[in-house]
Amino acid sequence: MKENAILELKGIGKQYRDHKGDYVKVVEDVNLIIKPGECIGLVGESGCGKSTLARIISHLTQASEGAMFFKGEDITHLQRKNLKQYYKQVQMIFQNPLDTFSSRMTMGQYLAEPFINFQRMPKREAYAHAKALLQMVNLESHCMKKYPNELSGGQLQRIVIARAMGIKPSLIICDECTSALDVSIQKDIIELLFDMKAQQNYASLFITHDIALAENICDRIYIMYEGKLVDMLASKNIMAEAKHPYTKTLLNSVLTLNNYTQKVKVS
Ligand SMILES: Nc1ncnc2c1ncn2[C@@H]1O[C@H](COP(=O)(O)OP(=O)(O)OP(=O)(O)O)[C@@H](O)[C@H]1O
């Protein structure tokens, strides 16, 4: 375990069987470190294995190879009873907020649940905390009584973030958490995540296919290509740091797009 790492992955791999029954490696030899309070970007094209890695870290799927350490403890194989403890410290925010909710649960129930289950709070107290969380993400208290289908994607994602923050985690995994939302709402959600980070100083793994966004908000960026981490960009001069041809192509496409947008603005 590297000193001061909150999460360390060592040689993580994952293989699935394809339709012919052959094994296919979708994540291969991933070595990654996240330190307390750091925002780490994981960038790569669709299908390169980003979500699989997020699911491995979140214990939603088991790695086929390698080891994971959280705050120095080996968490590669966690038993059910230890998972609960893990989820008190590690929270996930996924792409489509609707997938996170049960259709029969009100927002109040959803927000109060961790206080009742994790902290054994009396119901009344848990609901008071839930209401405070809604305020924290700038939603009105009447949302407490709403069902998921009565709210917009942006409002639901705020509520997912509110619940995650209520647990006061030390690590958040955000898997394309804005890509299902309108562009105008995406910015609000990113700002909300950063307001929360300023208050709670959690570490985060921010998974996106948008390298320009990652460059803006992350301390370091890992580039994933065909299941492997092929580059780690740590400075603000990421163009100079890029070694792998895929990273260079990715960065060039952003620059080309920026130039194009500037040209359109000028003409
Ligand atoms: N349960 C599964 N069984 C078989 N193959 C799978 C399974 N889950 C994912 N895969 C395959 O693993 C590869 C990586 O998928 P993954 O969802 O991790 O990629 P991704 O980088 O997150 O893509 P996207 O950005 O489109 O979500 C893909 O080829 C996918 O088809």
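Helix 1 of this predicted model is mostly covered, since six of its eight residues are buried. The buried residues of helix 1 are Lys-50, Ser-51, Leu-53, Ala-54, Ile-56 and Ile-57. A residue is called buried here if 20 or more other C-beta atoms lie within 10 Å of its own C-beta atom. Helix 1 spans residues 50-57 and lies across four strands, namely strand 3, strand 7, strand 8 and strand 9. With respect to strand 7, helix 1 runs at about 150°. Just after helix 1, His-59 takes a positive phi of about 60°.

The strands beneath this description belong to a sheet. Strands of a sheet pair through backbone hydrogen bonds, and the pairing may be either parallel or antiparallel. In this model, six strands form an open sheet in the order 6-7-8-3-9-10, and the pairing is mixed. The edges are formed by strand 6 (90-93) and strand 10 (228-233), each of which pairs on one side only. On average, neighbouring strands of this sheet are turned by 20° against each other, direction ignored.

Strand 3, comprising residues 39-43, deserves separate attention. Five of the five residues of strand 3 are buried, so this strand is largely enclosed by the rest of the structure. In a regular strand the side chains alternate between the two faces of the sheet. Strand 3 can be read in this way: Cys-39, Gly-41 and Val-43 point one way, whereas Ile-40 and Leu-42 point the other way, and all are buried.

The partners of strand 3 can now be considered in turn. Strand 3 is joined to strand 8 by five bridges, and the two strands run parallel. Within this pair, Cys-39 stands opposite Ser-204 of strand 8. Strand 3 also pairs with strand 9 in the parallel sense, over four bridges. In that pairing, Leu-42 stands opposite Tyr-222 of strand 9.

Strand 8 (residues 203-208) has a further partner in strand 7 (residues 171-175). Five bridges join strand 7 to strand 8, and these strands run parallel. Here Ile-172 stands opposite Ser-204 in strand 8. Ser-204 thus has Cys-39 of strand 3 opposite it and also Ile-172 of strand 7.

A pair of helices may be examined next. Two packed helices are described by the angle between their axes and the distance between the axes. Helix 4 (residues 123-136) and helix 5 (residues 153-166) pack at an angle of about 125°, and their axes are 9 Å apart. Helix 4 and helix 5 are therefore oblique to each other. The crossing of helix 4 past helix 5 is right-handed. On the side of helix 4, the residues that meet the other helix are His-129, Leu-133, Leu-134 and Met-136; on the side of helix 5, they are Ala-162, Arg-163, Met-165 and Gly-166.

Finally, the protein chain may be viewed as a whole. The chain has nine helices and 10 strands. Its C-alpha atoms fill a box of roughly 55 × 55 × 45 Å, taken along the principal axes. A compact globule of 267 residues would have a radius of gyration near 18 Å, and the chain, with 19 Å, agrees with this expectation. Buried residues make up 34% of the 267 residues. Among the contacts in the chain with a separation of 6 or more, 66% are between residues 24 or more positions apart.

Technical notes:
Residues numbered from 1 in each chain as written. Predicted model: local features only at pLDDT ≥ 70, side-chain atom pairs only at ≥ 80, totals over all residues. Pairing = 2+ DSSP bridges. Axes fitted to C-alpha atoms, helices over the stretch in contact; angles between N-to-C directions. Contact = placed C-beta atoms within 7 Å. Rg over C-alpha atoms; globule rule 2.2 N^0.38 Å. Buried ≥ 20, exposed ≤ 12 C-beta atoms within 10 Å, placed from the backbone. Parallel < 35°, antiparallel > 145°, perpendicular 65-115°, else oblique. Left-handed = near helix turned anticlockwise from the far one by under 90°.
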